[in-house]
Each structure stands twice: as structure tokens, then as C-alpha cells.
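Let's take a walk through this structure together. Have a look at the model below, and then we'll go through its charged pairs and a piece of its surface.

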Amino acid sequence: ATCDGRRRARARRVENTLSRALSVRVRRARARTRRKARESCGAELSADSAATRLWRVTRAMSDSKATSAAAKDKLVWILIYSACSSSMLVINKLAVSSNGLPTVVSGAQLVVSAAVVAVMEAFGAGVLGPFERKRIVPFIVYTCMFAAGLFSNMKALMLTNVGAVIAARCCLPLIVCVIEWAFMGRMFPNTRSIASLIGVVLSASFYITNDTGVSVDGGAGMFWLLTWWLLLAAQMTYGKHLTDNIQMTQWERVFYTNALAIPPTIVLYFVTGENTMEMKDGDGAFFYLVLSCVVGVAISYSGWKCRSVITATTFTLVGVLNKMATITFTIIVWPSDFSVLKTLSLLACVGFGLLYVDAPKRPGHA
């Protein structure tokens, strides 16, 4: 019995030893399996992470190229529009001086610009879409704004001086950027851009102070100046609304704008009494008239194209800078009224304007 008990005890010890050895081996095998699984998972995660980083770098490079291309496109069209706008001011002055009928010059430009688009469509260029109410009515509203703004500008010039009109025009980008922020989903301009707009106003004010000053003939003068200012601000922002929300070609915009502006111009032709006046035949009258029509087509197209790639505030500011740059050019080339202070203030106005940066869209409005 004693021997049997010892054999059983020895058997149990052997069994326990084997069991523990087997358990250790199993645990080690499981540990090796888990370690290999972790290494495999880590390799997969590392590969995923590398792929993710590569995708992000590629996307960043693509976005950078797209941003660079967009910035280049903006600059090109701003320069083209600025060249057309600045030259148009000089050419219009020569054309009106040589024939004496400003409404006739404006009407000829409108007719030729609309006719160019109609001829392109007739020869199969496919620049005009269907004539639909949803496309025509907004441009009728825009044309009414333009006509009302032109009339109020004429009244303002009768009751104020040129200095007051220039001062109001230089302040225009400030209210346009507020309208874009309040109603068009734009963020407020950054500190640099605000400093740019304020610098333009202060530099222009210094120029006006040393030139003609500001003269307003009572409440009527202030009323028409403010009316013109608000109408021009509405026209600038509504024009940007048209390019953003109504899908059509730039040539369609050129056609509708010019064709719909012809009737108000005819009314102005009779209201201003030009129908009773004879056209002067000054030196180069016909040449300057034709040249103004050619540039009129160019400024119509480049103006709408420029509007489509920049904000309403930037477009308004470009118009101000074109005006100030043209005055600077005139003072330098024809120095009958040259002044160092006025020239420096004009150059400072242009310099401050170049610092402006487009305000981006607010999140959710892109």
C-alpha cells in the first residue's frame, strides 16, 4: 500500500510538471503570436500613415499650384482691366473734346459692344445662351442702377466739385467690404487690408486738400453725392452677385449690360439737350470715336472677367486706384499743375491700395 501511494504521488508530480511545462509553452506560443500580430499591425499602420502623409503632401502641392494659378489669373485680369480703364479715361476725354457730344460717344460704345457679341453669335461662336427671364431681369435691375447712378453723378457734379466726388469714390471700398461681410458671406478684411483701405482714404484726402478741396452746395449737394455713393456701392456688390449666381459666359454679360443700357442713354441724349447740338469736327474726332469703341469692348469684357475672379471690394478698389494712377500720369506728363505734395500723395494712395488682400469666404459659404 505504501509503495502504491508513493507511485501515485510520483505520477501526480510528473503530471503536474508536464502540465506546467505545457502551460508555459502554450503561453510562450500565444505571446509569440500576439507579438507577431502587433508587428504586422504596426507595419500596416506605418504603411497607412506613410500613404496618408503622401496623400496630404500631394494634396497640399496640388492646392498650392491651384492657388498660385488662381492668383496669377487674378493679377493678369486686374492688369488688363486697369490698362483698359486708365486708357479709356484719356481716350474718352480726347473723343469728347473733339466732337463735343459725350452722350453720343457713350452710346456709340454701347452699340458697338453689343453688336460685336451679336456678330460673334451670328457666325456660330455660341457666346449667347437662351433669352430667359431669370437671366435678363437681373441685368435690367443692374442697368437701372447704372442709369440712376449716372444721373445722380451728374447732379452731384453740378452741386459739388471734383474733389468731393473723388473723396466719396475713395471711401467707397470701405462700405463695399462691409456689405460683403454682412450679406455676401465674406469674412471681415484683416488688419493689413483695413490699414490699406484707410491709407487710401487718407492719402486721397491729402491730395484733395492740396488740390481743389471739397466743396458741397448745401443739403441738395450732399443728398445727390450720398445718393450716387450708395447707388455705386449697390452696383458694385450686385455686379459681383450676378457673376457668382447666374451662370453665363462673359460675352453674355457684355451683351446684356451694353444692350440694356442703350435706351437710358437715348433718354439722356434728349434730356441733356445734345439732340439740339451739332457735332464738332475736331482733329481726329472720328479716329478717337472708333478707338473709344474698341477700348469699350475690351473694358466691358475685362471688367466682367475681373469681377468674376476677385471680390467686390477689390474690384471697387481697383477702380479707385485706376483713377488715381491716371491723375498721377496726367500731372507728370502735362505738368501745368504739378506739385510734389500732390504727386507723392497720389503715389502713396496707389501704394496703400496695393497692400489690400481679398477677404476669404466664411466657413459654410464657400
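Start with a term we'll need: a salt bridge is a side-chain nitrogen of Lys or Arg within 4 Å of a carboxyl oxygen of Asp or Glu. The idea behind it is simple, since side chains of opposite charge can pair when their charged atoms come close. Keep in mind as you look around that this is a predicted model.

How many salt bridges does the structure hold? There are 3 of them, and we can visit each in turn.

Begin in helix α6, which covers residues 218–245. Here K240 and D244 join their side chains in a salt bridge, with 3.6 Å from N to O. The two residues sit 4 residues apart in that helix, or about one turn. Are these partners buried or partly exposed? K240 is buried, because its relative accessibility is 4% and anything under 20% counts as buried. D244, on the other hand, is partly exposed at 34%.

Now hop over to R135 and E252, whose side chains meet in another salt bridge, this one 2.1 Å from N to O. This pair ties together distant parts of the chain: R135 belongs to helix α3, E252 belongs to helix α7 (residues 250–271), and their positions lie 117 residues apart in the numbering. Both ends are tucked away from the surface: R135 is buried with a relative accessible area of 9%, and E252 is buried too, with 3%.

The remaining stop among the charged pairs is D358 with K74, where the closest N and O atoms are 3.3 Å apart. Again, distant parts of the chain are linked: D358 is in the segment after α10 (340–353), while K74 is in helix α1 (residues 2–99), and the two are 284 residues apart. Neither partner is buried here, because D358 has 22% relative accessibility and counts as partly exposed, and K74 is partly exposed as well, with 28%.

Let's finish on the surface. Which residues make the nonpolar surface patch of about 220 Å²? The patch is built from F146, L150 and M154. Take L150 as an example: this residue lies in helix α3, which runs through residues 133–159. That is the helix that also holds R135 from the pair with E252. L150 can be part of the patch because its relative accessible area is 33%, and patch residues need over 30%. That value makes L150 partly exposed, whereas R135 in helix α3 is buried.

Notes. Residues are numbered from 1 along each chain as its sequence is written. This is a predicted model: local features need pLDDT of at least 70, side-chain atom pairs count only at pLDDT 80 or more; totals for chains, interfaces and linings use all residues. Side-chain values use heavy atoms; hydrogens and water are left out. Patches are made of residues with over 30% relative accessible area and no salt bridge: like charges are joined within 9 Å, nonpolar side chains (Val, Leu, Ile, Met, Phe, Trp, Tyr) within 5 Å. Accessible areas come from the Shrake-Rupley method with a 1.4 Å probe; for residues, only the protein chains shown count as cover. Buried means under 20% relative accessible area, exposed over 50%, partly exposed in between (1.4 Å probe, protein chains only).
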